[in-house]
Amino acid sequence: MEFRSVAHVTEALSAARYIPSTEIATVVFLAAATRKPILVEGPAGVGKTELAKSISLCMDRPLIRMQCYEGLDEAKALYEWEYAKQLLYTQMVRDKIHSVVEEADTLAEAVEKISEQEDAFFSERFLQPRPLLKAIQSEKPVVLLIDEVDKSDPEFEAFLLELLSDFQVSIPEIGTIRAKTIPFVILTSNNYRDMSDALKRRCIHLFIDYPAIETEKEIVRMKISGIEEILLDKLVRTVANLRGLDLKKRPCISETLDWARSLMVLQADTITPEVLASTLNMLVKFKSDAELVKERLQTVIA
Amino acid sequence: MLDMITKFSACCRAAGLKVSPLEVIDCMSQLRFIDATDEEAFRSLLMANFVKSRRDQPRFLEIYHLFFHELRTSFHDVQEEDSENPETPKQKRVKEILEKIREDLGDEAEALQNLLDYLGGDPEAFLNEVQEIHNLVEQRSLAIKVKSNMGQLSNRLSVMLKINQIRQKALQLAGELDAPGDPFTKREIDAYFSKMLDRSFDLLTRDKRPDNVALRQVNRTDPRFEEIGERPFATLTPTEMERTKEVTDRLVRKLKDMATRRYASRNKGMLDVRKTLRRAGRFQGVPLELHFRDKPLRKGKIVALCDVSGSVWSAARFMLAILYSLQECFNGVKSFAFVSDVADITPLFKANPVNEAIEKVFSESGIDTRMLTDYGASFVRFRERHMHELSTKTTLLIIGDARSNYQNPHQEILEEMRDRCRRIIWLNPEPLTTWSTGDSEMFTYKAHCHEVRPCRNLNQLVTFIEELVL
């Protein structure tokens, strides 16, 4: 499915249960229209990965996800030669090789004959595509999510460049593989380190912050039906206050949802310091954070 | 539209944003797809293309506002529609006055050119001038021994004088040219000039600080050690000092163990065909033993800058001891000490045992610890002589209280360093509450760091070392 306008993106994403701001919708629309990758920045848990999933859902394209980490190399991201298979095949077709070189009179001629067959061993048959190659080889256009690209090494960025600007991959033994279909590429970053200018230049940039109170309410309302408006208001404001504290890990949207669910289960109709204290481990994930919040129970509650 | 976008991109560049031609082209091609009269969409589009990092967003928004709101609505909008609409009396009057100022001031007008352009709705040259003043690097003249850090200030002052000169002239001319029976125009023109000149004043005096959202500011610690852990380094007795040193030494060794474990458990790489086949020769060509290509692990490098001036006296010795043990354990550690000049103390640390080495930092490194601390000057010197030490694999560790005696802080050099290295971590031996007081430039520098934390007692130090990822 193609997007027709910014409003259409908003509509489609909302239908896929993702509530975008105008900025998000505009950037997604432009990226789809100009086939440029999006680089999404923002704190952990604001729905960067979720955005990619929702886009794949509403564009009706399969999602190929690649999680980046330190030490990720092209063998795991792009392609790998299946050496074991190659070796196995050499063993199996030994007789055939023998027959090829049989008629050769000299050693040089034999080598010549074998080298004619070289292509058989460095063909796509022995190439194992990894996520990036898979994404551009797919017959049906896909959504490619390159998650936490800031965790990867600077070297990895270098071979992303060719892929992102020209949608092609150069393999020395075979040549250049061009994209059959252009994927919709989304890169996410937690700002662990700054990305190189060359990579940034190839992408459209989008920053997603923690949602505004109204937006967050809407999200909770959508995911958890039947939550009471008064409780919801108090809940979202309390979480917003918690985010203002000096915590090791600030509660993100999914934690708001978890907390809301657990409050529903406990049938709490309002938030008191006691309720917060007893359900605190849904929101904060460090012991020291929990202690910090416990000292300020009264002020945190909106 | 194209004119406007290129003009705007030139302004962005003048304000220090990196906007490449490619991005302008992208922007133009994308404008076809959206309704440019929808401001939010228009702004999102420009922002998505021109700003590639959250840090630059505030700067962009400021320029955007200046360009599309303050200047456009007050002048350009009407001017662009010249062909159809005659100019409003106000626009005409402003133009007349600007012309008149140009004539009246004659020779001097050259110097005022940028400002006059700015008033006429073209801020690029003026922004450039402001940017240059902000980034001015002190030229140390050899003839005058006294070091001056006032260049930036005096340049700013001369622009301020120009602004005032124009303000007077404009008000005077507006009065002279006043057409009878048209009182609103005069008031409007007066208001226009005051507003625009006030704005230019703001642009000039306010330092732009990027919004550093990714900054990690750590202030809490796990209370690991009772009593001794909470005492500031400055108040430790010699015996306590020894104990503290033991603890930190142990920690640094632990850090090293962690690093070695990473080596031991590193992943095996791809199959090394050449070696495998060579070995297969022993088994009649059957590749029984597979050989893999090992990947060398990324080696972290540390460059440490340690303030050794009087104000951080007690903490400095302590930090030097930590640096010493770090350097003992890891290969890629470079240590520098500074007060108002920078010295490489790595060789001193290599050649001497710990206590002697620290003494020698104060006596032999060539740093005069009695000088006033000057972070700006130290950064300038570092850039001159040691910038090549920073690479994308370097963690830059800065230890100091950021009290720079009201000298020019040169934060743009720190920004440049950030672009060149992997992470900048700032350890401040003062408690968080005093950071913004007096001559502390911590809040200026904070904008460019990846992580800042107070580090004044053992518990804080222990937490830091344990969380240090190289």
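1. Which residue does K18(B) meet in a salt bridge through its side chain? The partner is D419(B), with an N to O distance of 3.7 Å. Keep in mind that this is a predicted model. The contact joins distant parts of the chain: K18(B) sits in the loop between α1 (2-14) and α2 (21-31) of chain B, while D419(B) belongs to helix α16 (residues 411-420) of chain B, 401 residues apart. Both K18(B) and D419(B) are exposed.

2. Now for a buried pair. R243(A) and E216(A) form a salt bridge at 3.0 Å, N to O. R243(A) is in helix α13 (residues 229-244) of chain A and E216(A) in helix α12 (residues 213-223) of chain A, so this contact ties together parts 27 residues apart in sequence. R243(A) counts as buried at 9% relative accessibility, and E216(A) is buried too, at 1%.

3. There's also a salt bridge within one helix: D258(A) pairs with R261(A), and their closest N and O atoms are 3.6 Å apart. The two are three residues apart in helix α14 (residues 253-265) of chain A, about one helical turn. D258(A) is partly exposed, with 30% relative accessible area, and R261(A) is partly exposed as well, with 39%.

4. Worth a look on screen: E214(A), K217(A), D233(A) and R237(A) are linked in a network of salt bridges. Over all chains, a search of the whole structure turns up 31 salt bridges.

5. Away from the charges, L88(A), M92(A) and V93(A) make a nonpolar surface patch of about 280 Å². Of these, L88(A) is found in helix α5 (residues 83-92) of chain A.

Technical notes:
Residues are numbered from 1 along each chain as its sequence is written. Chains are lettered from A and ligands numbered from 1 in the order in which they are written. This is a predicted model: local features need pLDDT of at least 70, side-chain atom pairs count only at pLDDT 80 or more; totals for chains, interfaces and linings use all residues. Side-chain values use heavy atoms; hydrogens and water are left out. Patches are made of residues with over 30% relative accessible area and no salt bridge: like charges are joined within 9 Å, nonpolar side chains (Val, Leu, Ile, Met, Phe, Trp, Tyr) within 5 Å. Accessible areas come from the Shrake-Rupley method with a 1.4 Å probe; for residues, only the protein chains shown count as cover. A salt bridge is a side-chain nitrogen of Lys or Arg within 4 Å of a carboxyl oxygen of Asp or Glu. Helices (H or I, at least four residues) and strands (E, at least two) are DSSP runs, numbered from the N terminus. Buried means under 20% relative accessible area, exposed over 50%, partly exposed in between (1.4 Å probe, protein chains only).
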